[in-house]
Amino acid sequence: MPHLAISPQQQEQMKAATPLLWLNDRYQNSEAAPARPSTKLLYRASARLERCAPLLQQLFPELEPSQGLIESPLLSAAALNQQINPLGGQLLLKADHALPIAGSIKARGGIHEVLCFAEKLALEQGLLSSIEDDYAKLAGDEARELFGRYTLAVGSTGNLGLSIGVTGAALGFRTQVHMSADAKEWKKERLRRRGVDVVEHQADYGVAVAAGRRNAQADPHCYFVDDERSPELFFGYATAALRLQQQLQQQGIIVDADHPLFVYLPSGVGGAPGGITFGLKQLFGDHVHCFLAEPVQAPCTLLGLAGEPGSEPLPCYDFGLNVDTDADGLAVGTASAWVCEAIRDLCSGVYTATDRQLYQQLYQLKSLENIEVEPSAAIGCLGPAMLNSESGQQYLQQHQLCGRLDQSTHIAWLTGGSLVPAQEYQRYLAQAKSCLES
């Protein structure tokens, strides 16, 4: 087996599907990430979303209050803070579970990539004279006729498929979503109601992506949104960092050496949390500490970051894990190599959790803050407790953070849930109560 920067003890914990906190020994070592992309692409993505705001407002009336901006609130969570944060400081919730249009963290990245492709076609065909033109034109009949000649395809466990499918269909593209076996049925039905072609695969996420990629390569009029290799997705996700910076400033929250920021991000293939980590580190540098969170049965990003720079990430299956988790958005067997290279020295570490722990946090969110999320979105709430572990204390001491925790801010990133049907959420809640009682 290739060398991994994981201790033998933690490798055994991983194989036994036992929760752990892995600290990234390449953190802050820029030599370990020679292929990191340019920060300029972050600001280009932000500018694209701003100039497309009138178009999005026209396509999606729910964006009128924000004038076409796709963003979620940053919520205080004092009651939850008392229950789950043993470190001190304040806990906030980044409410991406309520992002407009797609109802998940995937909205920014997926919508950004669809807009990239639509913009490219419109400029090439003369529908837009320049990027200074009126982008609301892209909601017109001439644009729909152009876009209707093309198919947008994507492989997904569910939420990215919703993002691409809903936006693509609204612009007039033919849309095709390759769904893995663990994707929820309600997500498939929601796409079908929008006229999206849902292709089901009786295998995991990686197989769905590979199938979508193959089909697109055979069709010159098919554009494949590649969750494993896409800079357009990555930097669409990364724009969340710019918005978060504004929200922290508006709330008078300081981030500096004496006021550290800890961010806990659920991770599947790695694109969304990787993009956000990239953006936050460009803005806050060493004052922000980003930890990714994964199910014990699918620690693929951990394996990817722990591998040698330039190597292909190892699949979870090599460790006897089966990627069997109720956190369907995180049920990924192999991480994105592209993302791992981009954040190899930026991510502080990765922690893993059982489904039982996810359901317990799901219940806490509902009972204490009246927030309803998918199981995968609840995993970020475990971050402060994991940092209070022996490994976590090691990290805090190493970075001289122990004396500053009373002035710290912790953000649990909630990644999906607002579109979950009421009956499905009640099933989640019943499972959560069962976990608490047993």
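Begin by selecting Glu-71 and Arg-108, which form a salt bridge whose closest N and O atoms are 2.7 Å apart. Note at the outset that this is a predicted model.

Now colour the elements that hold these two residues. Glu-71 sits in the loop between α3 (53-59) and β2 (74-76), while Arg-108 belongs to helix α5 (residues 106-124). The pair thus links distant parts of the chain, with the two positions 37 residues apart in numbering.

Next, display the surface around this pair. Are these residues buried or exposed? Glu-71 has a relative accessible area of 16%, and because buried means under 20%, Glu-71 counts as buried. Arg-108 has a relative accessible area of 1% and is therefore buried as well.

Extend the selection to Lys-94, Asp-96 and Arg-243. Together with Glu-71 and Arg-108, these residues are linked in a network of salt bridges.

Keep α5 in view and add helix α10 (residues 231-250). The axes of the two helices come within 7 Å and cross at roughly 125°. This angle makes α5 oblique to α10. The crossing of α5 past α10 is right-handed.

To examine where the helices meet, show side chains on both. On α5, select Lys-106, Arg-108, Gly-109, Gly-110, His-112, Glu-113 and Cys-116. On α10, select Glu-232, Leu-233, Gly-236, Tyr-237, Thr-239, Ala-240 and Arg-243, which the α5 residues meet. Which kinds of residue make up this contact? The residues divide into four nonpolar, five polar and five charged. Arg-108 and Arg-243 are among the residues of this contact, and both also belong to the salt-bridge network visited above.

Move now to another part of the chain and select Asp-328 and Lys-187. Their side chains meet in a salt bridge, at 3.2 Å from N to O. This pair also links distant parts of the chain: Asp-328 lies in the loop between α12 (300-306) and α13 (337-343), and Lys-187 lies in helix α8 (residues 185-193), 141 residues apart. Both Asp-328 and Lys-187 are buried.

For the last pair, select Glu-372 and Lys-366. These residues form a salt bridge in which the closest N and O atoms are 2.8 Å apart. How exposed is each partner? Glu-372 is partly exposed, with a relative accessible area of 34%, and Lys-366 is partly exposed too, at 22%.

Finally, display every salt bridge in the model. The count comes to 27 salt bridges.

Methods. Residues numbered from 1 in each chain as written. Predicted model: local features only at pLDDT ≥ 70, side-chain atom pairs only at ≥ 80, totals over all residues. Heavy atoms only, no water. Salt bridge = Lys/Arg side-chain N within 4 Å of Asp/Glu carboxyl O. Helix = DSSP H or I, 4+ residues; strand = E, 2+ residues; numbered from the N terminus. Buried < 20%, exposed > 50% of the residue type's maximum accessible area, 1.4 Å probe, protein only. Axes fitted to C-alpha atoms, helices over the stretch in contact; angles between N-to-C directions. Parallel < 35°, antiparallel > 145°, perpendicular 65-115°, else oblique. Left-handed = near helix turned anticlockwise from the far one by under 90°. Contact = heavy atoms within 4.5 Å. Nonpolar A, V, L, I, M, F, W, Y, C, P; charged D, E, K, R; others polar.
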